[in-house]
Amino acid sequence: MAEADIAYVATAGAAGLALALSAWAARLRGRLAARNQVAESELAAALVDLADRDGALAAFEDVRLALAPDGQTKRLGSPQAWHAVTSELAGDEVPGDLEGGRDPGLVVLDAVRRVAGPRLDALIDQGEAFDAVLEGSGGAWSVEGRSSAGAAWLRLSRLGLVGTATESGLGLLADSYPAPTWITDAAGRLAWANKAWLTEMKAESVEQAREKGLSFDRGADAIVAEAGRTHQHQDGFRWTTGGGRRRAWRIVAEPVQGGAGAVLAFALDMTEAEETRDTLRRHVEAHDETLNHLADAVAIFGPSKRLAFHNTAFQTLFNIDPAWLDERPTHAELLDRLRQRRLLPEVIDYAGWKAKELDFYGASAAAPDDSWSLPDGRTLRVVRQPHPLGGVLLLFSDITDELKLRSRFNAQIQVQTATLDKLNDAVAVFGSDGRIRLHNEAFDAFWGVTGEALDAAGDFDAVAALCQSTMPDPALWLGLKARVADPDPESRVPIAGEGKTTDGRIASWQTRPLPDGATLVAFSDVTARRGLEQALAAKAQALEESTALKREFVGSVSYELRTPLTTIVGYSELLEMQADLPERSRQHAGAIRIAASQLASSIDDVLDMAQIDAGEMELQLGDVRVRDLLDEAAERVRVRIEARGASLRVDCPNGLRPIRADAQRVGQALDHLLDHAARAVSEGGSVVLAAEATSSEIRIRVEDTGRGIPYHLQAHVFDRFVRRERGGPGVGLALVKALVELHGGWAEVESEPGKGATFILHLPLEAAGVAAAPELRLG
């Protein structure tokens, strides 16, 4: 290409480039102008927004302080707000930005660091937020520390004063609070009070209360003052008197954070609670006192499973040291102590048994009664139940005697039932409610009913309906019902009677009231008894007739026998007196006289026995000297005893007091005993007639050394008409026994075969008789 072409092309290209650059620049200028316009609009809006924010910050007394990592600060807020906060926090020191002093931000920062240094460092280094309160000279300032966009911010705002409390919702709430509430300032003066406080103080307004210098209570003022002085919560209890009654108050004083020494106080009415507590205390004391007088052992464990109460019976039952119980051991410790002393049941797994005992603390209802059989033989009934105040109440009763008594009672009931079943009488027991409680088998058989039918009948009327077919006597059943069902003591007297059954039997019935209010009704079949009684009555009548005949016979026989015996004795004595009578004939006459005399004596004895049996013998009582009585009896028999080669001795102490007796009858008894001794004694033997006195009787002894009485006859020696070892049947010893018993005494015999016999007469000092002679008063 030629140079001209090249130049042309270069020129054309440069011109095109210039045109392109011009177009691009024009477009760029347009864009820049648009962007500049947007930027100016945004700047104007930002300035407006910043002005609004500055106005908003200036409208409130709060300031903000930004803390940069390099230690630089940035302040936000109105100068007035900064002046106020720095003036109150710095005191006399004047902030630098305002009047050439220190930087206000540093003044605030130093004040915050004094109250929240570690938290401020945590905010700057780690971004941890915090809140604090600064006390200024004019009030309190709330400090809020927050982190945003890598910077730490502090916001300070003035806390509301107590005077504005009523203007807030919280103040309205406090004013409506029913408990007296008030606020005092740093000087202890009343700053605010709610309606309840004013009502209690009878004041119209807080201003009136201030003018009158009213205060809730001196003690309450002291509590509030202490809270203001120490800046700590205070709590106290006060009693006040007003309106004719005492009232209990709980005073709560709480320092107001940021309140410049102000204290918020509450008076909570605790009167009802205290009265309830006092009533509960008295009830608990009365309850404990009552439990302490119980015979059963009582132990109460609290919710902590420690012994809270035990009565005296508990300590006595287990014989535990009272000092150890006063230390309030736990339930587990008590069980261990009782186990050591062997006062718990012997169990194989003690740990499991103990755990089961302690598991009851979680129960909500009383457990069934349990019984402990202790190694010492006692049996305890154990009652466990939850205590109303928490824990558990244990009741121990020693039922050892009760079980023994129950066992004896059951055994007695069984014996009684078995005894009643063995009785022939028909017996039924009705309770005080009229229902049949018990009946024996004879009762079922007597009335011809089954035991099941009687048990099903139940009450007396139904039982009577079953029995009336056998004994249809309405009066009988009405009378029995009155004794069974009527509680009147006059109606519960025992009665008896007889009736006749439809089958011809004679039934005897009787009722007996029992101690427990029950009534026993018994029926007996006395048909055979009545027949026997009739036979016995006939026999008794016949016996009386025979007795009368016997007396007549004895009287006739005695008269008929005495007359010839007298003749025989008389003629035998005449024969003995004849001088020319041969000796052998004289001996025969003497034998006839002796035999006749013995026969007369026997007849007299029989007559005396008959008279005693008929109750017709009367004693002629008088004062009898025992010594004289013995001497006379001895003289009557001495010749016979000595004729047999034996001796007779009378042994009677001097000064023996007289007895009241029939001398003739006692002498008659002695004659028979001495006659028996004279017949029993042999040559070389002896007979002793002795007497001795006791406090109530005289004992007369007749001893012989004869052959004695065989053992098998000693029990019958005083029986009448018993065949003796020698001679025929007789009544001598029987008459002795009868005469002594007639005096109120008794006779006995002591004998050893081959060594003799001793008869002893026991005569009372004073015998009674209907024909007693006058008192001789022998000394």
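Let me begin with the term itself: a cavity here is a set of points, on a 1 Å grid over the protein atoms alone, where a 1.4 Å probe fits but cannot get out, and lining residues have an atom within 4 Å of a point. Grid points are joined across faces, edges and corners, and a volume is the space filled by probe spheres set on the points.

The model is predicted, so local features need pLDDT of at least 70 and side-chain atom pairs count only at pLDDT 80 or more, while totals for chains, interfaces and linings use all residues. Residues are numbered from 1 along each chain as its sequence is written, and side-chain values use heavy atoms, with hydrogens and water left out.

The structure holds four cavities of 30 Å³ or more, and the largest of them has a volume of about 50 Å³. Its lining includes Phe-430, Phe-443, Trp-477 and Phe-523, and the lining residues divide into 10 nonpolar, no polar and no charged, where Ala, Val, Leu, Ile, Met, Phe, Trp, Tyr, Cys and Pro count as nonpolar, Asp, Glu, Lys and Arg as charged, and the others, Gly among them, as polar. Helix 17 (460–467) supplies the largest share, four residues.

Turning to another site, Thr-240 is found in strand 8, residues 234–242; helices (H or I, at least four residues) and strands (E, at least two) are DSSP runs, numbered from the N terminus. Thr-240 counts as buried because its relative accessibility is 16%, buried meaning under 20% relative accessible area with a 1.4 Å probe and protein chains only.

Terms used:
On a 1 Å grid over the protein atoms alone, a cavity is a set of points where a 1.4 Å probe fits but cannot get out, and a pocket is an open set with protein on both sides within 12 Å along at least five of seven lines; lining residues have an atom within 4 Å of a point. Buried means under 20% relative accessible area, exposed over 50%, partly exposed in between (1.4 Å probe, protein chains only).
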